[in-house]
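Subject: Structure for you to look at

Hi,

Here is the structure I promised to pass on. Have a look at it first, and then read my notes below.

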Amino acid sequence: MRLFQNSGLYPSYLPRLNQLAANATRFEARRDVFLHDRFGAPHFLMPVLDGSPDAFFTNGDDEVLQRQWARAQGMAGTPTSEAILLAQIEHHRTEVFYNLDPVRYPSAFVAKLPGCVKTTLAWRAAPSGNADLTAYGAVLGNFPSILESWRSKGCRAELFFPAVDPVMDEYGQSERPIDVAFVGGYSRHHSARGRTLEQVAALAADYQIVFCLDASRLTRLSEGALGRMLPLGKHRRPDAIARIARQPVFGRDLYALLGSAKIVLNGAIDMAGNDRGNMRCFEAMGCGALLVSDAGRYPEGMDDGVTMRAYATPEQATAAIVECLRDWPQSAGIAASGKRRLQEIYGKASQWAHFLDLVGRIKPC
């Protein structure tokens with residue numbers, strides 16, 4: 001089976017990639033730098049990570065990467081990103097196209113795929129406005145409520161999960177000097193998450209708390225000298241958070257942080273109702289930290305008090321963290337159980353087997 005997996009870059013990650021790949025002048029070199037850094041690796045299928053000759057991977061929105069490929073292939077002029085991606089698919093003789101960036105490449109793109117493509121699948125685990133994905137053979141995701149919303153729009157939708165990255169075993173083997181880590185976005189749109197972060201940040205006087213926050217542009221502006229003179233107070237983070245906030249981390253730096261933390265705090269944003277199990281859950285538990293996350297409907301293997309801890313309010317989050325740190329040997333046991341359980345259920349081999357089953361059940365194009 002000739003597999004083509006397309007992904008996309010998170011804007012805040014691009015400067016890191018450009019730095020890591022500063023000397024990579026060929027498509028294969030820049031792509032390999034990206035894959036080695038493991039950003040997004042829980043979503044990447046086993047043949048891609050294993051370097052199978054039948055699997056092709058790219059980030060269709062990475063203009064530098066895509067133009068490197070186009071130049072090497074002798075594409076004339078200044079082709080569009082869409083034209084390059086279509087040329088790659090045809091050159092690869094793709095049979096199964098799996099797209100992690102379908103809002104950028106929706107049904108109109110699927111209609112242009114070459115005849116070699118027999119099956120199309122898209123990953124989408126977030127609301128997407130009026131995006132039309134009905135031409136895909138199926139939309140995949142791990143939030144049942146969002147899958148149901150795709151079905152209501154006429155799409156076939158199937159449950160599918162991220163997988164534990166085997167590279168995570170390289171991290172978290174030594175002491176964990178950080179008591180609590182949080183990595184994620186922060187803006188005025190994250191109101192529930194913000195209240196929890198403020199409560200937990202207040203523990204910084206007694207514990208080692210690390211928040212790596214991808215703040216919005218207005219939040220960064222509001223906290224500068226000029227911003228404090230402007231009416232931007234609603235964008236400014238509470239002092240308890242601002243005092244301990246660090247820059248966001250990605251890729252292997254993220255794994256290193258999670259592997260150095262006893263507890264990883266997680267908080268969903270309002271996009272999936274009561275469904276839980278976002279990427280950070282898989283990353284935290286895969287790196288052996290104790291996940292402390294907001295209550296809701298979690299996937300198999302994420303069980304409160306058995307493999308992770310759940311909280312219902314910001315105050316409960318703080319209480320759970322203090323309780324876990326005071327009895328760390330028991331909490332460490334829960335974290336270890338969580339890592340083992342996720343490896344059993346969500347390993348790369350299991351993810352690939354599930355994907356092959358989906359391909360077999362989805363009507364060819």
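Let me start with a question: what covers the buried residues of H11? The cover includes helix H1 (14-20), helix H2 (27-37) and helix H12 (279-286), together with strand S7 (178-186), strand S8 (209-215) and strand S10 (261-266). Helix H11 spans residues 251-259, and seven of its nine residues are buried, so this helix is largely enclosed by the rest of the structure. The buried residues in H11 are Gly-251, Arg-252, Leu-254, Tyr-255, Leu-257, Leu-258 and Gly-259. Please keep in mind throughout that this is a predicted model.

Now for the overall picture. The protein chain has 15 helices and twelve strands. For 365 residues, a compact globule would have a radius of gyration near 21 Å, and the protein chain agrees with that because its own value is 21 Å. Along the principal axes, its C-alpha atoms fill a box of roughly 60 × 50 × 40 Å. Buried residues make up 55% of the 365. Among contacts in the protein chain with a separation of 6 or more, 67% are between residues 24 or more positions apart.

On the outside, the protein chain exposes about 16,100 Å², and carbon and sulfur atoms supply 51% of that area. There are 41 positive and 38 negative charges, and the mean positions of the two sets are 4 Å apart.

Next, the interior. In soluble globular proteins, nonpolar side chains tend to be buried together. Here the largest nonpolar core has 87 residues, and Phe-34, Tyr-98 and Phe-355 are those with the most contacts inside it. A second, separate core has 26 residues, including Ile-209, Ile-263, Cys-324 and Leu-325. Going back to Phe-34, and not counting residues up to four places away in sequence, this side of the story is quite aromatic: among the residues that Phe-34 touches are Tyr-13, Phe-39, Phe-44 and Phe-57. Phe-34 also touches Leu-9, Leu-17 and Asn-59.

Two positions around helix H4 may be worth a click. Gly-60 is found in the loop between strand S2 (55-59) and helix H4 (63-72). Is Gly-60 buried or exposed? With a relative accessible area of 1%, Gly-60 is buried. Leaving aside neighbours within four places in sequence, Gly-60 is in contact with Asn-6, Ser-7, Gln-66, Ser-81 and Tyr-105. Gly-60 and Leu-100 are 40 residues apart in sequence, and their C-alpha atoms are 9.8 Å apart in space. Val-64 is found in helix H4 itself, and at 42% relative accessibility Val-64 counts as partly exposed. From Val-64 to Arg-26 the C-alpha to C-alpha distance is 9.7 Å, with their places 38 residues apart in sequence.

Finally, a pair of arginines for the backbone enthusiasts. Arg-38 is not a glycine, although its phi is positive at about 70 degrees. Arg-38 has its place in the loop between H2 and helix H3 (46-49), and Arg-38 is buried, with a relative accessible area of 12%. Arg-93 also has a positive phi, near 60 degrees, and its place is in the loop between helix H5 (81-92) and strand S3 (96-99). At 49% relative accessibility, Arg-93 counts as partly exposed.

Happy browsing, and best wishes

Methods
Residues numbered from 1 in each chain as written. Predicted model: local features only at pLDDT ≥ 70, side-chain atom pairs only at ≥ 80, totals over all residues. Heavy atoms only, no water. Helix = DSSP H or I, 4+ residues; strand = E, 2+ residues; numbered from the N terminus. Rg over C-alpha atoms; globule rule 2.2 N^0.38 Å. Buried < 20%, exposed > 50% of the residue type's maximum accessible area, 1.4 Å probe, protein only. Contact = heavy atoms within 4.5 Å. Areas by Shrake-Rupley, 256 points an atom, 1.4 Å probe, with all protein chains shown as cover. Lys, Arg positive; Asp, Glu negative; His and termini not counted. Charge placed at Lys NZ, Arg CZ, Asp CG, Glu CD. Core = buried A, V, L, I, M, F, W, Y, C linked by side-chain atoms within 4.5 Å.
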